[in-house]
There are 2 protein chains.
Amino acid sequence: MTTVIPDDLRDLLDDPNYGALGTVRPDGTAQVNPMWFEFDGERLLFTHTTKRQKFRNLEENPSMSFMVFDPANPYRYLEVRGRLVEVTPDPEAEFYARLGRRYGSSGQENSPDKADRVILAMSVEWAGGH
Amino acid sequence: MTTVIPDDLRDLLDDPNYGALGTVRPDGTAQVNPMWFEFDGERLLFTHTTKRQKFRNLEENPSMSFMVFDPANPYRYLEVRGRLVEVTPDPEAEFYARLGRRYGSSGQENSPDKADRVILAMSVEWAGGH
């Protein structure tokens, strides 16, 4: 699969930036939340639990939009649009801990909600920014 | 009107932070864009033009969600949900220039698209974060 991420903005996905995930609530209104992520070259991966509102939103409407700023230059940003294409259980919270390490955090080793932890995989269907 | 912005997160709206505006596209999918803003104590104000996709989104679905990180501590964030409640023409791009000054930018004095410039006012109906 060829990704549509512009080459000159790819670093925004490689670096451990915080991003803003947009989803659509069941009543048709918008929701935006801060998210850690990892880009595997094809899909964006997020850690989540099945007990939260974002997951309920995505069960009804799989649309996702993810936006990342360059923290050193907020004029540089990338927006990626796609949808939830896979939900993988993460019962030992291994992916959650890996993301924690990517972001220099250490509180993910003993996740109290690991039984509900999942990996959300988002397709990359459109990308834009500058 | 009493705003629902938590006191301990109010600084995120007073400071010239970049935020992420979530809207819903006419096909029901999510869109997130970086935005400058000003908070007047009651509503969030954005500069925009009537020619862009966000405006078309809001004509069909006025829902808006706006999320701001603390640039010094991305664990601190505020999400505000509301909807487009007023569109005010800004034909001399005065508000656009004022926002530019707030953000330390100087390219807003001679806006080429000022005939289409508007001020979007977003209600504050719900706020959350930590």
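Biologist: Is Glu92(A) buried or exposed?

Modeller: In this predicted model, the threshold for calling a residue exposed is a relative accessible area over 50%. Glu92(A) has a relative accessible area of 51%, so the residue counts as exposed.

Biologist: With which residue does Glu92(A) meet in a salt bridge, and which parts of chain A does the pair tie together?

Modeller: Glu92(A) lies in the loop between β6 (73–89) and α3 of chain A, whereas its partner lies in the loop between α3 and β7 (117–122), so the pair ties together parts that are 22 residues apart in sequence. The partner is partly exposed, with a relative accessible area of 32%. The N to O distance of the salt bridge is 3.8 Å, and the side chain that Glu92(A) meets is that of Lys114(A).

Biologist: How many residues apart are Arg98(A) and Glu38(A), and in which elements do they lie?

Modeller: The side chains of Arg98(A) and Glu38(A) meet in a salt bridge, with 2.6 Å from N to O. The pair links distant parts of the chain, since Arg98(A) belongs to helix α3 (residues 94–102) and Glu38(A) to strand β3 (residues 38–39) of chain A, which places them 60 residues apart.

Biologist: Is Glu38(A), the partner of Arg98(A) in that salt bridge, buried or exposed?

Modeller: Arg98(A) has 38% relative accessibility and therefore counts as partly exposed. For Glu38(A) the relative accessible area is 17%, and because the limit for burial is under 20%, Glu38(A) is buried.

Biologist: Which residues is Leu99(A) in contact with, leaving aside its neighbours within four places in sequence?

Modeller: Leu99(A) lies in helix α3 of chain A and is buried, with a relative accessible area of 0%. The C-alpha atoms of Leu99(A) and Thr47(A) are separated by 7.9 Å, although the two residues are 52 residues apart along the chain. Once the neighbours within four places are set aside, Leu99(A) is in contact with Trp36(A), Phe37(A), Glu38(A) and Thr47(A).

Biologist: What radius of gyration does chain A have?

Modeller: Chain A has three helices and eight strands, which run from the N terminus in the order α-β-β-β-β-α-β-β-α-β-β. For 130 residues the globule rule gives 14 Å, and the value for chain A is close to this, so the chain is as compact as a globular protein of that length, with a radius of gyration of 14 Å.

Biologist: What share of the contacts in chain A with a separation of 6 or more comes from residues 24 or more positions apart?

Modeller: Of the 130 residues of chain A, 55% count as buried, and the C-alpha atoms fill a box of roughly 40 × 35 × 30 Å along the principal axes. Among contacts with a separation of 6 or more, the share from residues 24 or more positions apart is 70%.

Biologist: In chain B, which residue forms a salt bridge with Arg83(B)?

Modeller: Arg83(B) sits in strand β6 (residues 73–89) of chain B, and its partner in the loop between β7 (117–122) and β8 (126–129), 42 residues apart. Arg83(B) is partly exposed at 40% relative accessibility, and the partner is likewise partly exposed, at 43%. The closest N and O atoms are 2.8 Å apart, and the residue that pairs with Arg83(B) is Glu125(B).

How values were computed:
Residues are numbered from 1 along each chain as its sequence is written. Chains are lettered from A and ligands numbered from 1 in the order in which they are written. This is a predicted model: local features need pLDDT of at least 70, side-chain atom pairs count only at pLDDT 80 or more; totals for chains, interfaces and linings use all residues. Side-chain values use heavy atoms; hydrogens and water are left out. Helices (H or I, at least four residues) and strands (E, at least two) are DSSP runs, numbered from the N terminus. The radius of gyration is taken over C-alpha atoms; the globule rule is 2.2 Å times the number of residues to the power 0.38. Buried means under 20% relative accessible area, exposed over 50%, partly exposed in between (1.4 Å probe, protein chains only). Contact means heavy atoms within 4.5 Å. A salt bridge is a side-chain nitrogen of Lys or Arg within 4 Å of a carboxyl oxygen of Asp or Glu.
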